[in-house]
Amino acid sequence: MTKPSTRTVKAATSRAPARSADGTPPVRRRLTAEARKSSILAAARRAFSETGDMSGTTIKVIAEHSGISEGVIYRHFESKDQLFYEAVVEPLKKAIDDLVAATEVVDRDQPLTPERQLETMTGLYRQLTSTLEEILPLLGLVLFGDPKVAKRFYRENFAVAMDRLAEAWRAVEDRYGIPFESSDISARAVMGIALMLALEKQHTKQFDRDRAVALISEGTLRGFFPPMPPERAEP
């Protein structure tokens, strides 16, 4: 009988599963359906962000990022469109919804004062900026990728969220008898400012976010530019 070579023995040993202290092979734990779905969504987010394009990101690419077969993905998701919306659009929608919810209860515990109004605006900008920093890759992918996806997301989620933000502000102002004629524009202005702060934080190393948030909050409430003095009457 031919004695197996050392190389053959080593190869067989390397393929053999490691054994526990009592000599029994370890039990491989299978992911639950929910855990598997979560891992696929995380891999899809990475894949979509890397390619920057929904159309150019195939199920095969996502499967490679997941380390699983395409068939496993199709057991959890009917199509790439469904996977895209659950992996990219839903997290964005939740982030925006959380921000709006926080605004709706701004004076739940104690009434607003001028000082608390400034504190609240500062907290809103800080939360908005932090959230936008986290979701910038996904936000850019959705809003500047496929035009149909962008229009749908903006109309059904982003614009709706800003309208809800405006309604929450209007309700607060109504409780204090303060007229608010352009809450819809104000909500969009605040969101736009926060987006620019997030971009500055991501792309500018020397950017001081705390200082910027403090100045922006003060400017939002008090005005960014001092009024021009009235012209002197000519003698």
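T220 has its place in helix α9, and in this predicted model that residue makes a convenient starting point for a reader new to the structure. With a relative accessible area of 27%, T220 counts as partly exposed, because buried residues are those under 20% and exposed residues those over 50%. Once its neighbours within four places in sequence are set aside, T220 is in contact with M121, Y125 and V190. The contact with Y125 includes a polar one, in which the two side chains are joined at 2.8 Å, while a polar atom of the T220 side chain also lies 2.7 Å from the backbone oxygen of I216. As for V190, 30 residues separate it from T220 in sequence, yet the C-alpha atoms of the two are 8.1 Å apart in space.

S217 is found in helix α9 as well, which covers residues 209-222. Its relative accessible area is 0%, and S217 is therefore buried, since the cut-off for that word is under 20%. The side chain of S217 has a polar atom 2.7 Å from the backbone oxygen of V213, and beyond the neighbours within four places in sequence S217 is in contact with L118, M121, T122 and Y125.

From here the reader can turn to the largest pocket, whose volume is about 570 Å³. Its lining is made up of 23 residues, and those closest to the centre of the pocket are Q117, M121, W169, E173 and L221. Helices α5, α6, α7 (147-175), α8 (183-203) and α9 each supply at least two residues of this lining, with the largest share, six residues, coming from α6. Sorted by character, the lining residues of the largest pocket divide into 13 nonpolar, eight polar and two charged.

Elsewhere in the chain, helix α2 runs over residues 33-51, and its 19 residues should span 27 Å at 1.5 Å a residue; because its end C-alpha atoms are 27 Å apart, the expected span and the modelled one agree. Within α2 the buried residues are I40, L41, A43, A44, A47 and F48. An α-helix has 3.6 residues a turn, so residues three or four places apart point the same way. The buried residues of α2 are covered by elements that include α3 (59-66), α4 (70-76), α5 (80-104) and α6 (114-143). After α2 comes G52, a residue whose phi is positive, near 70°.

Conventions:
Residues numbered from 1 in each chain as written. Predicted model: local features only at pLDDT ≥ 70, side-chain atom pairs only at ≥ 80, totals over all residues. Heavy atoms only, no water. Helix = DSSP H or I, 4+ residues; strand = E, 2+ residues; numbered from the N terminus. Buried < 20%, exposed > 50% of the residue type's maximum accessible area, 1.4 Å probe, protein only. Polar contact = N/O pair within 3.5 Å; in protein donor to acceptor, adjacent residues only side chain to side chain. Contact = heavy atoms within 4.5 Å. Expected span 1.5 Å × (residues − 1). 1 Å grid on protein atoms, 1.4 Å probe; cavity = no way out; pocket = protein on both sides within 12 Å on 5 of 7 lines; lining within 4 Å. Points joined across faces, edges and corners; volume = space filled by probe spheres on them. Nonpolar A, V, L, I, M, F, W, Y, C, P; charged D, E, K, R; others polar.
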